[in-house]
Amino acid sequence: MSQEPSPIEIVFNKYLQTMSRDDARKKTKVTMEAFPGIDEELEAIEREHEEKVLTRTKLTEVGTARRRDLRELGWYSGAPEDGVWAKLRSRMAVGGLAGAVESIDRSTEEIVASLAEPRVDEDNRLGLVIGNVQSGKTANYSAVIAKALDSGYKFVLVLSGVHNNLRRQTQVRLDSDLGIFEDRQAWYRLTDSEGDFGDAHTGNASSIVANHGQILAVVKKNSHRLKKVMEFLRSLDFATKRDTPFLIIDDESDQATPDASAKIGDEPTAINLLMRQIWAEVRNGTYVGYTATPFANVFMDPNVPEGALPELYPRDFIHVMPTPANYFGAERIFGLHDVEDEARDAETPDVIRPITKDEVRELVPSGKAVEGFQPNITKSLGEAIRWFIVACAVRRIRGQQKKHSTMLIHTTPRTDPHFATRDAVEEYLEPLRKASLNGDVERFKDVFEAEINKAASLYDGDGLAPTWPRISDEIPNVLRYLRTIVDNGREDDSERLSYSHEPQTVIVIGGSTLSRGLTLEGLFVSYFTRTSNTYDTLLQMGRWFGYRGGYEDLQRIWVSPRLDEDYRFLATVESDLRSEIARMTQAGMTPAEIGVRVRLHPGRLQVTSSAKQKHALEAEVDFEGYRLQTTEFDFSSPEQSLKNAQSAEALLQRLQPFRSLSVPTLFEDVPIEELEKFFSEFEVHEKNQSVFSDAVKWSSEKLPEKHWNVVVPSEGKGVDGLNVAGTKVGSIRRSPINKQDEELHDSESINIRALMSGKDVILDLRLQDKLPRNATLAQLNNAAQYNWRKDREGGDGRGLLILYPISRFSESTSKDRMPMSSALKAINPSLVEDGLPPIVGMAVVAPFDSRNELETKGSTIAVRPIFDDAEDLDEPLVEDTERDFKGDV
């Protein structure tokens with residue numbers, strides 16, 4: 001087509017501003033019917049549009065959407081060169097997001113392509129975007145909003161958590177990102193940084209919406225505010241509602257939005273009901289939830305009875321935001337839970353520091369003994385504070401004195417102890433400040449020497465190595481500007497955490513407001529004793545996740561006992577979740593057609609609160625391709641490990657007819673019936689018994705004809721080896737997590753964290769020299785290995801059983817590990833007597849339905865509640881202290 005638009009194209013584009021493509025085509029044909037070649041030109045316009053859609057809508061492996069809609073009814077052909085997105089992109093390119101602009105552009109193209117087509121009556125869609133904690137979700141949805149507005153969306157409602165300060169922060173950010181003050185005439189705001197949604201505009205709602213092209217409201221998820229929004233939408237006349245494309249962005253969508261009523265059939269919780277009522281008013285538009293912890297969202301009920309209010313289950317699409325290389329999340333900081341890899345263990349940065357149980361007692365009130373509680377500055381808290389001050393001095397010599405620097409102290413969700421902790425911190429700082437006035441900063445030298453080079457390899461800048469003389473000169477400057485404040489929803493306005501244009505150096509003490517959504521600028525030291533029983537709360541509390549450009553090496557995290565192990569497990573859960581989304585994508589299915597599996601914790605953690613996961617209880621269990629491994633070993637009965645070794649050797653003796661001719665430690669194409677006796681005899685830790693037995697039962701019932709391969713890793717050099725049908729195989733090294741002798745003696749168990757090595761998912765195929773064509777082993781990431789196991793040319797879906805002989809004398813160079821013999825001696829000295837067989841660990845990869853023979857595999861992991869409550873203690877109710885917005889002056 002020519003560069004200059006033809007009369008037909010001009011008319012078509014004019015109609016397109018107020019109606020759907022289909023209606024614009026029909027209207028243009030009527031208006032321009034006298035023009036020769038009208039049909040051919042309209043067809044050419046559509047072909048050009050389809051080409052743009054196809055090039056824009058190349059879905060990635062981490063997103064899933066209505067693929068048939070996108071291919072057959074695709075509407076999005078990209079943002080214009082002079083629209084809201086173009087201006088936002090320019091601002092990003094010269095700011096702190098310069099390096100992420102291309103990634104944000106690519107990611108949001110797919111999301112916008114998944115939205116409902118604007119100006120198509122009754123086209124509405126529900127989706128979910130999964131980010132990482134502190135990973136730039138706001139930048140992502142700012143870009144989605146900009147592109148949606150450029151494409152015909154009109155009314156943007158952003159629901160920004162439940163806290164006043166988070167709503168204000170989001171409003172200020174969007175006002176800036178969307179350029180509202182640069183082009184005031186183009187916008188109509190229903191909220192501002194000082195005022196939340198009120199009723200000032202309800203009486204004139206239809207006129208406001210009909211006569212303005214870009215409308216923005218940033219609203220708290222508060223019953224009073226949401227009722228005002230609902231009343232506003234209900235006051236719109238039919239034609240205005242029909243002709244207005246709505247975009248609802250629900251930030252922190254797993255908080256307050258899901259129904260948390262106790263049982264199925266109960267009256268839904270207030271905010272959930274209001275959110276659904278608001279969504280029911282939308283005839284054309286899209287609801288997009290944003291969260292880093294989507295567990296409650298994927299456990300919503302997707303099956304709503306006819307005539308009932310719609311649920312907010314993300315039935316149409318789920319998109320996973322890419323994780324940038326410079327992002328520090330749970331996996332990078334804590335490592336993965338279930339892959340044994342000493343090289344990767346060595347790469348895990350040395351930034352985690354312990355808080356002892358005795359110290360926790362001095363910092364956290366027990367039970368209801370809150371009133372009058374006086375915390376003490378313990379040894380580790382004092383070290384954390386002094387390190388923060390030293391690290392701020394390092395930032396100053398690197399030229400970062402104009403940047404915010406923050407330390408977080410998060411000990412309890414209770415609010416009263418926060419003020420007592422602030423007073424204790426100030427009392428601790430006072431003599432340090434006085435001494436620094438005379439140039440005395442010796443109290444900081446020990447922590448400088450102990451910490452300065454612990455994570456030096458993370459630093460990506462070109463500054464000179466910090467030396468004590470240079471740092472000691474800057475410490476008085478840090479102390480001079482350092483503030484200690486409380487942010488917990490009950491602080492005075494004068495104390496409220498506010499990152500103004502002036503650089504802040506601040507120690508922040510708080511609870512719930514700091515554990516959800518609020519961005520802590522320049523956070524690099526965290527002191528954390530609070531825990532939780534649920535995945536989502538734990539991950540959200542990890543405010544230390546994020547980007548640390550220029551001060552990567554300075555970040556430190558002090559955590560109470562067991563929290564580091566919990567976060568390692570959650571890193572694995574997050575990795576699994578991304579694999580699940582990829583599984584849906586490859587199958588070309590939507591979330592409404594297949595549930596999202598979430599790995600269960602084998603002990604105390606549950607996925608989300610029992611109320612929020614009540615609909616998952618009805619789901620059928622799907623173990624296809626599921627990986628299980630024994631990582632904890634119970635030695636309360638010393639004979640049990642001997643019996644397990646005997647069961648393993650007896651199984652291998654029985655499997656001689658299936659032994660590989662070329663690899664004596666590999667047994668091929670074993671029917672599952674041959675393994676059932678072993679599975680029934682082999683004792684695993686009580687935490688794992690249920691999930692192992694369920695996986696074996698699923699394999700027997702669902703895929704009884706699918707054969708298994710059995711392998712004993714043969715690279716071990718240990719003397720306490722295993723008899724593999726007449727061949728002695730040396731034991732391998734797996735060292736337990738470092739614990740005190742008393743704790744080991746009391747628990748009578750050890751935890752090796754991971755049994756399988758990185759490429760063991762295809763260990764049998766490697767031994768058979770059966771790798772994908774033109775691919776090296778190093779090129780096969782976790783997802784590729786599972787795909788190859790399922791592929792007919794690879795494993796053809798075979799199940800895999802690996803028996804690991806673990807040496808009782810395993811050693812490790814990792815600081816987090818201890819010698820196996822030391823751990824066993826602490827439990828019972830008889831466990832390391834001469835002549836004992838190795839400890840036998842077992843790993844299973846359940847078979848795949850590689851030939852698509854099953855009618856049903858199951859949809860989600862059936863989550864069994866472990867505790868009645870998600871938290872030991874309810875969060876305090878958030879008071880709405882904001883005024884009503886009356887309108888822009």
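## A charge over tryptophan 85

In this predicted model, lysine 147 lies over the face of tryptophan 85, at 4.7 Å from the ring centre. A second contact of this kind involves arginine 395, whose charged end sits over the ring of tyrosine 551, 3.8 Å from its centre.

## Helix α5 and its cover

Trp85 is one of the buried residues of helix α5, which spans residues 84-93. The others are Val84, Ala86, Leu88 and Met92. An α-helix has 3.6 residues a turn, so residues three or four places apart point the same way.

What covers these buried residues of α5? The cover includes three helices, α6 (101-114), α7 (137-150) and α8 (164-177), together with the strand β6 (214-219).

## Aromatic pairs

How many aromatic pairs does the model have? The count comes to 12. One of them joins phenylalanine 448 and tryptophan 468, with ring centres 5.4 Å apart. Their planes meet at 45 degrees; angles from 30 to 60 degrees count as tilted, so this pair is tilted. Phenylalanine 448 belongs to helix α19 (residues 445-451) and tryptophan 468 to helix α20 (residues 468-481), so the pair ties together parts that are 20 residues apart in sequence.

Are phenylalanine 448 and tryptophan 468 buried or exposed? Residues under 20% relative accessible area count as buried. Phenylalanine 448 has 6%, so it is buried. Tryptophan 468, at 13%, is buried as well.

Phenylalanine 678 and phenylalanine 679 form another tilted pair, because their planes stand at 55 degrees, with the ring centres 5.9 Å apart. Phenylalanine 678 has 0% relative accessibility and therefore counts as buried. Phenylalanine 679, at 13% relative accessibility, also counts as buried.

Aromatic residues can also group into a cluster. Phe155, Phe197, Phe232 and Phe246 form one such cluster.

## Confidence in the model

The mean pLDDT of the protein chain is 82, and 79% of its residues reach 70 or more. Over residues 599-612, however, the pLDDT is below 50. This stretch still has 72 contacts in the model beyond near neighbours in sequence.

Residues 859-877 also have pLDDT under 50. For them the model has 66 contacts beyond four places in sequence. Where pLDDT is low, the predicted coordinates should not be read in detail.

How values were computed. Residues numbered from 1 in each chain as written. Predicted model: local features only at pLDDT ≥ 70, side-chain atom pairs only at ≥ 80, totals over all residues. Heavy atoms only, no water. pLDDT = per-residue confidence, 0-100. Contact = heavy atoms within 4.5 Å. Buried < 20%, exposed > 50% of the residue type's maximum accessible area, 1.4 Å probe, protein only. Helix = DSSP H or I, 4+ residues; strand = E, 2+ residues; numbered from the N terminus. Phe/Tyr/Trp six-rings, centres within 6.5 Å; stacked < 30°, edge-to-face > 60°. Lys NZ or Arg CZ within 6 Å of the ring centre and 35° of its normal.
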